[in-house]
Number of protein chains: 2
Amino acid sequence: MTDFPKANAVIGQSGGPTGVINASLVGVIEEAKKHPQIEKIYGAVHAVAGMVNDDFIDLSNLSQDILETVAVSPSSSLGSSRDKPDAEYCAKILEVFKKRNIRYFFYIGGNDSANTAYILNNVADEMNFDIRSFHIPKTVDNDLLVTDHCPGFGTAAKFVSCALIGDDLDNRALAGVKIDVIMGRHAGFLTAATALGKIREDDGPHLIYMPERGVSMDKFAADVQDVYSKLGRCVIAVSEGICDENGETWAKKLAEQAEVDAHGNIQLSGTGALADFLAGQIKEKLEIKRVRADTFGYLQRSFAGLQSPVDVNEARWCGRHAVQYAMEHDNGSVAMKRVGNGKDYKVELFRTELKNVAEKTKSMPDEFINPEGNGVTQAFLDYAKPLAGELPKTEYLGNYPRI
Amino acid sequence: MTDFPKANAVIGQSGGPTGVINASLVGVIEEAKKHPQIEKIYGAVHAVAGMVNDDFIDLSNLSQDILETVAVSPSSSLGSSRDKPDAEYCAKILEVFKKRNIRYFFYIGGNDSANTAYILNNVADEMNFDIRSFHIPKTVDNDLLVTDHCPGFGTAAKFVSCALIGDDLDNRALAGVKIDVIMGRHAGFLTAATALGKIREDDGPHLIYMPERGVSMDKFAADVQDVYSKLGRCVIAVSEGICDENGETWAKKLAEQAEVDAHGNIQLSGTGALADFLAGQIKEKLEIKRVRADTFGYLQRSFAGLQSPVDVNEARWCGRHAVQYAMEHDNGSVAMKRVGNGKDYKVELFRTELKNVAEKTKSMPDEFINPEGNGVTQAFLDYAKPLAGELPKTEYLGNYPRI
């Protein structure tokens, strides 16, 4: 496909921010600059919204200093969007592309973003306007198909691990029940990652609930009682997508309840309602005085200065590879294949078709969840540990032998 | 006072954990080992509760490796307690001290802990059992008297700064109103510290509400509307102790409201209720669609692996000095005096009487709060910046010039 015309490129960042989505952005920029087929590099401000409104900045001449600072900055440096373009929206984008001679499209995001790249490419074909449409994976949920894991997950996993290491020590110091609500509506990977920092046998989180397994409120309370009876305390990680035994999310039930009560305004993220509800249930069902709940909220996707080194390198690498693939192929999504494990952890990148990644998501495989549905397996820990990187080591003296 | 008998020492950690309270513990241990007047070093498990129940571990022979790991571990490695001993409780503790020949008492905590040390010393005097009673300051609230600042504050300040740096970038990517509720019931230092990472003129937090200044809900909403009209977004840091114009806390009102509604179980910490309430108010009063709220909860005092280097050094130094003072004096609390500023930041330690620190707390001085009562001054930033240490630098491309 050497007859593809010289043209300009555009980069967009879509959906929820992550800690390394900017590393992918820098990866695309630095690679694009190496290829004379790519002329100007546009940054679309607020993703597809910027593309349709002709709102661009020039990414071609940023200093290396600025690029390196962008690469370590959390969140989406170009701004993001929740728009989900249909064919009509894409046709408008393509009019802008024509005007600006943009033929290389790089979109960093989740499965919806892959779908946008897919639709855009199809609409461009129909318009006989040849473009190269590429998706670079990004999500803290780690729920994209094909790829072994997603850039963004490792850094979020590091955050929740460090949080639970500290929270468990806090709970040792002042004992009680502690509930932590973690992001992930449909996939439990991030909630599961709260277990990565456990080193002592009695370290928390002692219970982990992922959306892949339903749990009744009675079973939930019985599990907590069980741990509390043994340890005198209990730390619990709960996905915001926690379901009951029929697969209905507790958050949804709660929102309905809130509607009935005319208390309104309860949403899944950016609120502590689910955590408070679960804490209330434990207080009500068990006679435990000290019950606390925290919702990690946006901290877990945007905390500054806490990237996982592996994650940030892979994110940048994925960005660079998207450009390389675009020199040879019409479309694609960058994916990772694990070729080593444990200390020999290593990945190779490859291209997959956009349609393989668009729209669909994956859940935690069965082998990652314990039979009781309230914890993770060694297989999960082996999978996730290299992604979060090294975690802080801690010491707790309170269970040393007495004198 | 060279006639003070050779004896054993005990160390306890009290109240809410911090990120560097264990550094103070290690400081006490390493210094105590240098003084032959001190024989065994006991660690009281769960503070005064361990002392009264004769529940101790031996801190005399821990390896340097273990000590260094303790020093970087968040939370209270010996366990903590919320007990507030009176004279009777102290008399029981002293019976245990007599039995074990403990005459050096080191207590790491806030103003209540200083008070415990004070009462214990007085009761010991009455019993003619001579002890050396010392308090080492610790609190994320930074609200102790005499000392320039408290160990624990700098690390918590670093956490909330990194959180707000990221949260502001998140809010740029997906614009709306974001409310972050920060610890500190009576003192606004930690909430104020959310401003430390601001570098760009339009960086958030754009509004900061501290317990020292009341704000009516109407003024709060008007402030938010004002920022939102200018920037199209607004990030707000609110102390959990936020008050109305009459000085009544919103959290208290909310708890009363909840009681009336029979929804119960609302407390000040470890719940997202205040944040959700404030978000609901903004939604109701202003026509802004995207309003989110996070409560930072226990993360801000116990997150693993994020100590401020200055803070951790000072915490350890305070521990060491407590032992040195105990060689010469009957009682005291370790305090810091600032002898340099800005880049030349430097402190000297000194001893103050326990009664000067016991019970009372301090608030943010007027010069640290802006006239509108919704932000901080340069004087506060100059005061707090050296304590949190270096913060991550970031770049946001979305406000670069358009092409």
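All of the interface residues of chain A, 100%, are also interface residues in chain B, so the two copies meet through the same surface. Two residues count as in contact if their C-beta atoms, placed from the backbone, lie within 7 Å. This is a predicted model, in which local features need pLDDT of at least 70 and side-chain atom pairs count only at pLDDT 80 or more, while totals for chains, interfaces and linings use all residues. Residues are numbered from 1 along each chain as its sequence is written, and chains are lettered from A and ligands numbered from 1 in the order in which they are written.

## Symmetry and the chain contact

A turn of 180° with a shift of 0.0 Å along the axis lays chain A on chain B with an RMSD of 0.0 Å. The two copies are thus related as by a two-fold rotation axis. In chain A, the C-alpha nearest that axis belongs to Gly272(A), at 2.1 Å. The superposition is by least squares on the C-alpha atoms of residues with pLDDT of at least 70 in both copies.

The contact takes 61 residues from chain A and 61 residues from chain B. On the side of chain A that touches chain B, at least two residues each come from strand E3 (56-58), helix H3 (64-72), helix H6 (153-173), H10, E9 and helix H11 (299-302) of chain A. H6(A) gives the largest share of that side, nine residues. By residue class, the side of chain A that touches chain B divides into 28 nonpolar, 20 polar and 13 charged. Here Ala, Val, Leu, Ile, Met, Phe, Trp, Tyr, Cys and Pro count as nonpolar, Asp, Glu, Lys and Arg as charged, and the others, Gly among them, as polar. Helices (H or I, at least four residues) and strands (E, at least two) are DSSP runs, numbered from the N terminus.

## Domains of chain A

Chain A is divided into domain 1 (7-152 + 305-357) and domain 2 (153-303 + 365-390); the bounds come from an automatic or database domain assignment. The C-alpha centres of domain 1 and domain 2 of chain A lie 32 Å apart. Between them, 24 residues of domain 1 of chain A are in contact with 21 residues of domain 2 of chain A. The side of domain 1 of chain A that touches domain 2 of chain A divides into nine nonpolar, 12 polar and three charged residues.

## The four-stranded sheet

In chain A, four strands form an open sheet in the order E7-E8-E6-E9, with parallel pairing. Strands E7 (207-209) and E9 (291-295) of chain A stand at the edges with a single partner strand each, so one side of each is left without a neighbour in the sheet. From one strand to the next, the twist averages 15°. Two strands are taken as paired if DSSP finds at least two bridges between them. E7(A) is joined to strand E8 (residues 234-239) of chain A by three bridges, and the two run parallel. One bridge partner in E8(A) is Ile236(A), which pairs with Leu207(A).

In chain B, the four strands of an open sheet also follow the order E7-E8-E6-E9 with parallel pairing. E7(B) and strand E8 (residues 234-239) of chain B pair in the parallel sense over three bridges, and in E8(B) the bridge partner of Tyr209(B) is Val238(B).

Several helices pack on these sheets. The angles below run from 0 to 180 degrees between N-to-C directions, with axes as lines fitted to C-alpha atoms, for helices over the stretch in contact.

| Helix | Strands touched | Angle |
|---|---|---|
| H8 (217-231), chain A | E6, E7 and E8 of chain A | about 155° with E8(A) |
| H10 (273-285), chain A | E6, E8 and E9 of chain A | about 165° to E9(A) |
| H6 (153-173), chain B | E6 and E8 of chain B | about 170° to E6(B) |
| H8, chain B | E6, E7 and E8 of chain B | about 155° to E8(B) |

## Helix packing in chain B

Helix H8 (residues 217-231) and helix H10 (residues 273-285) of chain B pack at an angle of about 70°, with their axes 10 Å apart. H8(B) and H10(B) are therefore roughly perpendicular to each other, a term for angles of 65 to 115 degrees, where under 35 is roughly parallel, over 145 roughly antiparallel and the rest oblique. Met217(B), Ala221(B) and Val224(B) of H8(B) make the contact with Gln281(B), Ile282(B) and Lys285(B) of H10(B). The residues of this contact divide into four nonpolar, one polar and one charged.

## Backbone exceptions

Most residues other than glycine have a negative phi, and most peptide bonds are trans. The peptide bond from Gly204(A) to Pro205(A) is cis, with omega near 5°, and Pro205(A) lies in the loop between helix H7 (189-192) and E7 of chain A. A cis peptide bond also joins Gly204(B) and Pro205(B), with omega about 0°. Ala47(A), although not a glycine, has a positive phi of about 55°; Ala47(A) is found in helix H2 (residues 47-52) of chain A.
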